[in-house]
Amino acid sequence: MALTGAPPLPGELELTRFPEDPRERLRAWDASDEYLLRHLEGLSGSSGSSGLPAPSGRTVVFGDRWGALTTSLLAAGAAVTQISDSFLTQQATLLNVSRNGMTDPDLELLSTVDDFSGRPASLLVRVPKSLALLEDRLRRLRPFLGTGTRIVGTGMVTEIHTSTLQAFERILGPTRTSLAVRKARLIFCEIDPALAPAPSPWPLAYRLPEDAGLVAGRTVVNHAGTFSADHLDIGTRFFLQHLPRRSDAAHIVDLGCGNGVVGLAAALGSPEASVTFVDESYQAVASARATFEATFAAGTRDAAFRVGDGLAGFERESVDLVLNNPPFHAHQATTDAVAWRMFTGSRAALRPGGELWVVGNRHLGYHAKLKRLFGNCDVVAGNPKFVVLRARRRSRL
Ligand SMILES: C[S@@+](CC[C@H](N)C(=O)[O-])C[C@H]1O[C@@H](n2cnc3c(N)ncnc32)[C@H](O)[C@@H]1O
């Protein structure tokens with residue numbers, strides 16, 4: 001595929017988050033995306049040719065949030081492999097690519113659980129929130145990178161720590177940073193062929209503590225980047241101590257399952273139920289599967305594992321019980337939009353009489369939201385920090 005020029009800046013493209021939410025006015029890119037694209041544009045100006053890789057080389061983009069980098073590079077004619085842990089990123093990317101009029105872009109979408117092969121000409125890294133996810137990915141990509149690979153990272157100043165730079169340095173080779181521009185920074189790195197970094201330590205497994213309700217003493221498995229990957233989150237622990245035991249529940253969903261501890265507890269508490277684990281993170285769903293299989297050998301218990309946006313795509317009135325510890329941010333931005341989507345999705349997916357159980361920080365005000373949506377909401381348990389709430393789907397919608 002021939003390159004046609006410098007990549008357009010995000011402001012020159014039509015970019016939105018996924019799913020689009022008219023209530024939210026959050027942009028689908030930030031100054032760090034822009035800085036990286038300006039840098040590539042500058043290379044293109046100074047060399048008289050595009051700063052993008054040679055036509056035969058692919059650009060690997062890791063950590064793109066809403067597809068701004070990928071869309072811009074594709075618009076410049078580059079061949080792009082995007083590697084992402086996020087279903088929402090992948091959907092946003094597809095939407096943004098088509099919204100900007102590209103009908104047949106050279107785009108390969110890989111998730112973090114897919115195998116990678118090839119020899120990328122460039123590796124562009126939008127620094128992810130999770131250092132573990134970054135380290136794990138750099139370790140896995142390193143065998144495919146050579147001394148000629150252009151490696152550039154980008155992130156907001158607040159996201160690039162000494163540990164971030166050390167990860168590049170330890171795993172890939174010599175690393176330096178740019179000056180900050182509009183609170184964003186670039187990271188330049190070169191492969192040191194003599195370095196032999198240790199293989200990725202992930203996934204990590206640990207034993208759940210004795211006060212973790214039905215899952216006490218069970219093994220939980222975490223792939224890099226999964227929520228609360230090396231210890232039990234205190235909100236989750238509180239939830240585990242107060243989960244319902246519903247012997248009549250045929251279908252239970254662990255919504256936003258992370259490493260799957262909540263769904264595992266539900267499976268143990270309701271031996272006849274089928275449990276579905278859902279998360280928008282590929283690493284999370286892989287973790288939930290591994291956690292589940294550490295207790296129930298594969299095929300011995302009915303369970304499903306789905307990567308997706310909340311309960312989108314679930315059949316209406318097909319679920320008896322939804323268990324949910326909602327996220328309160330989406331790709332770094334604090335928002336209650338995801339929780340709201342999870343609650344509305346639950347109302348549609350629950351059968352009449354079915355229940356949504358939620359744990360959350362008291363100050364997040366989920367109680368009012370659930371009451372508005374379901375017409376009822378009980379506080380099942382509370383401590384100074386957390387509440388466990390229950391809302392019942394009363395009638396047909
Ligand atoms: C607070 S964590 C809870 C994880 C796990 N249930 C626990 O209690 O340890 C929230 C989870 O929701 C997931 N998540 C965020 N947005 C989502 C979405 N739109 N659809 C499904 N899962 C989502 C995150 O990846 C994360 O694993």
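Which side chain has an N or O atom 2.8 Å from a nitrogen atom of the ligand? I looked this up before anything else, and the side chain is that of Asp309.

**Basis.** I am working with a predicted model, in which local features need pLDDT of at least 70 and side-chain atom pairs count only at pLDDT 80 or more, while totals for chains, interfaces and linings use all residues. Residues are numbered from 1 along each chain as its sequence is written, and side-chain values use heavy atoms, with hydrogens and water left out.

**Ligand.** For polar contacts I took pairs of N or O atoms within 3.5 Å; within protein, one atom must be able to donate a hydrogen and the other to accept it, and residues adjacent in sequence count only if both atoms are side-chain atoms. Besides Asp309, I noted a polar side-chain atom of Asn325 at 2.9 Å from a ligand oxygen atom, and a polar backbone atom of Cys257 at 3.5 Å from a ligand nitrogen atom. The ligand has 590 Å² of accessible area on its own, and the protein covers 92% of this (Shrake-Rupley method, 1.4 Å probe; for residues, only the protein chains shown count as cover). I then listed the 18 residues around the ligand, of which Thr236, Gly256, Asp279, Asp309 and Gly310 come nearest (a residue is near if one of its heavy atoms lies within 4 Å).

**Helix H9.** H9 gives the most to the shell around the ligand, with three residues; helices (H or I, at least four residues) and strands (E, at least two) are DSSP runs numbered from the N terminus. I found 10 of its 13 residues buried, so H9 is largely enclosed by the rest of the structure (buried is under 20% relative accessible area, exposed over 50%, partly exposed in between, with a 1.4 Å probe and protein chains only). Among the buried residues of H9 are Trp340, Met342 and Phe343.

**Strand S13.** Six of the six residues of S13 (residues 319-324) are buried, so this strand is also largely enclosed by the rest of the structure. S13 pairs in the parallel sense with S10 over four bridges and with S16, again parallel, over five bridges, where pairing requires that DSSP finds at least two bridges. I traced Val322 of S13 to its partners and found it opposite Val253 and opposite Leu356 in S16.

**Phe238.** This residue of helix H6 (residues 234-241) is buried, with a relative accessible area of 8%. Leaving aside residues up to four places away in sequence, I recorded its contacts (heavy atoms within 4.5 Å), which include Val359, Asn383 and Phe386.
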